[in-house]
Amino acid sequence: EITPINNTNDGQFSHDSGSPQIVFQIAKQAGFLVPNSVRVNFDVTSVGSFSQSIGVASVFNQVTLSTHEGQTIENIKNYNQFLSTVMPIPHSSDDFCTTLQSKFLVGSSQEMTSLINTQKTGVSMPLMTGFMNSNIPVPLNMLGLELNLELAPSSLCLKEVVPNPNSYHLENVSLSYDVLIPNEEGMEAMRKLSKGQISYNS
């Protein structure tokens with residue numbers, strides 16, 4: 001588990017407070033990253049209600065994954081709008097009370113979603129991108145990865161439910177993921193092979 005390299009003094013991130021970007025760096029190492037194990041973890045507090053279809057994921061406006069050398073692997077602009085088209089349509093209250101509520105803070109009614117969002121709530125959210133949905137291990141000995149999350153303005157991701165202006169902030173932000181560690185012989189081979197080419201079809 002790692003924390004942002006651009007952490008703020010108070011540990012809070014919000015577009016409206018002038019901290020609109022969250023940046024993580026996954027270091028080079030002798031191991032294999034499991035992309036679909038990656039989770040963005042944070043506590044969220046808001047005044048206003050997030051989208052009933054994608055919940056608190058609406059705070060992420062853009063997701064960019066690149067190498068430490070600056071080569072872009074994947075860039076999704078308007079990530080929140082993209083999610084609204086690819087997220088499955090729930091067919092029962094069970095859908096709301098399991099995956100959608102636990103991962104994205106989506107409630108089975110607008111009132112429930114508002115109640116969830118106005119309290120400080122912990123989230124551990126997967127990133128629904130092509131790279132992060134893969135279960136093919138990625139060798140980290142050849143490249144370090146940088147993940148840049150750009151936050152959306154409150155006016156674009158919150159629906160007003162109280163007289164006060166809409167606002168939100170994230171705190172205790174971290175990134176967790178699984179790394180497969182090879183045996184001693186495999187680790188030695190990975191240390192020697194520090195350069196190479198990796199193909200990724202988006």
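**Briefing: cavity, salt bridge and selected residues**

F24, I26, V38, L65, M132, L145, E146, L147 and L175 line the largest cavity of this structure, which is a predicted model. The volume of that cavity is about 40 Å³. The protein is built from five helices and 11 strands, and 45% of its 202 residues count as buried. One salt bridge is present; its partners are the side chains of E171 and K120.

**Overall figures**

- The secondary structure consists of 11 strands and five helices.
- Of the contacts between residues at least 6 apart in sequence, 75% join residues at least 24 apart.
- About 10,400 Å² of the protein is exposed, and carbon and sulfur atoms supply 49% of this area.
- Buried residues make up 45% of the 202 in the protein.

**The cavity**

- A search of the whole structure returns one cavity of 30 Å³ or more.
- Its volume comes to about 40 Å³.
- Which strands each supply at least two residues of the lining? They are β2, spanning residues 21-26, and β9, spanning residues 145-151.
- The most is given by β9, with three residues.
- By residue class, the lining has eight nonpolar residues, no polar ones and one charged one.
- The lining includes L145, E146 and L147 as well as F24 and I26.
- V38, L65, M132 and L175 are also among the lining residues.

**The salt bridge**

- The side chains of E171 and K120 meet at 3.7 Å, N to O.
- E171 lies in strand β11 (residues 167-180) and K120 in the loop between α3 (110-117) and β7 (121-126), so the pair ties together parts that are 51 residues apart in sequence.
- Side chains of opposite charge can pair when their charged atoms come close.
- Are the two partners buried or exposed? E171 counts as buried because its relative accessibility is 15%, under the 20% cut-off. K120 counts as exposed because its relative accessibility is 52%, over the 50% cut-off.

**Strand β5 and the loop that follows**

- S66 belongs to strand β5, which covers residues 60-67, and T67 is found in β5 too.
- S66 has a relative accessibility of 10% and therefore counts as buried.
- Leaving out residues up to four places away in sequence, S66 touches Q71, T72, I73, G144, L145 and E146. Two of these contacts, L145 and E146, also appear in the lining of the largest cavity.
- T67, at 7% relative accessibility, likewise counts as buried.
- With neighbours within four places in sequence set aside, T67 is in contact with I73, L143 and G144. I73 and G144 are also touched by S66.
- G70 is found in the loop between β5 and β6. With a relative accessibility of 54%, G70 counts as exposed.
- The C-alpha atoms of G70 and L145 are separated by 9.3 Å, with the two positions 75 residues apart along the chain counted as their separation.

**Strand β4**

- S49 is placed in strand β4, residues 49-50.
- How is S49 classed, buried or exposed? S49 counts as buried because its relative accessibility is 1%.
- S49 and K159 are 110 residues apart along the chain, and their C-alpha atoms are separated by 5.0 Å.

**Positive phi values**

- Most residues other than glycine have a negative phi.
- N78 has a phi near 50 degrees, a positive value in a residue other than glycine.
- The place of N78 is the loop between β6 (72-77) and α1 (79-86).
- At 37% relative accessibility, N78 counts as partly exposed, since this value lies between the 20% and 50% cut-offs.
- Phi of N172 is positive as well, near 50 degrees, and N172 is not a glycine.
- N172 lies in strand β11, the strand that also holds E171 of the salt bridge.

Conventions:
Residues numbered from 1 in each chain as written. Predicted model: local features only at pLDDT ≥ 70, side-chain atom pairs only at ≥ 80, totals over all residues. Heavy atoms only, no water. 1 Å grid on protein atoms, 1.4 Å probe; cavity = no way out; pocket = protein on both sides within 12 Å on 5 of 7 lines; lining within 4 Å. Points joined across faces, edges and corners; volume = space filled by probe spheres on them. Helix = DSSP H or I, 4+ residues; strand = E, 2+ residues; numbered from the N terminus. Nonpolar A, V, L, I, M, F, W, Y, C, P; charged D, E, K, R; others polar. Salt bridge = Lys/Arg side-chain N within 4 Å of Asp/Glu carboxyl O. Buried < 20%, exposed > 50% of the residue type's maximum accessible area, 1.4 Å probe, protein only. Contact = heavy atoms within 4.5 Å. Areas by Shrake-Rupley, 256 points an atom, 1.4 Å probe, with all protein chains shown as cover.
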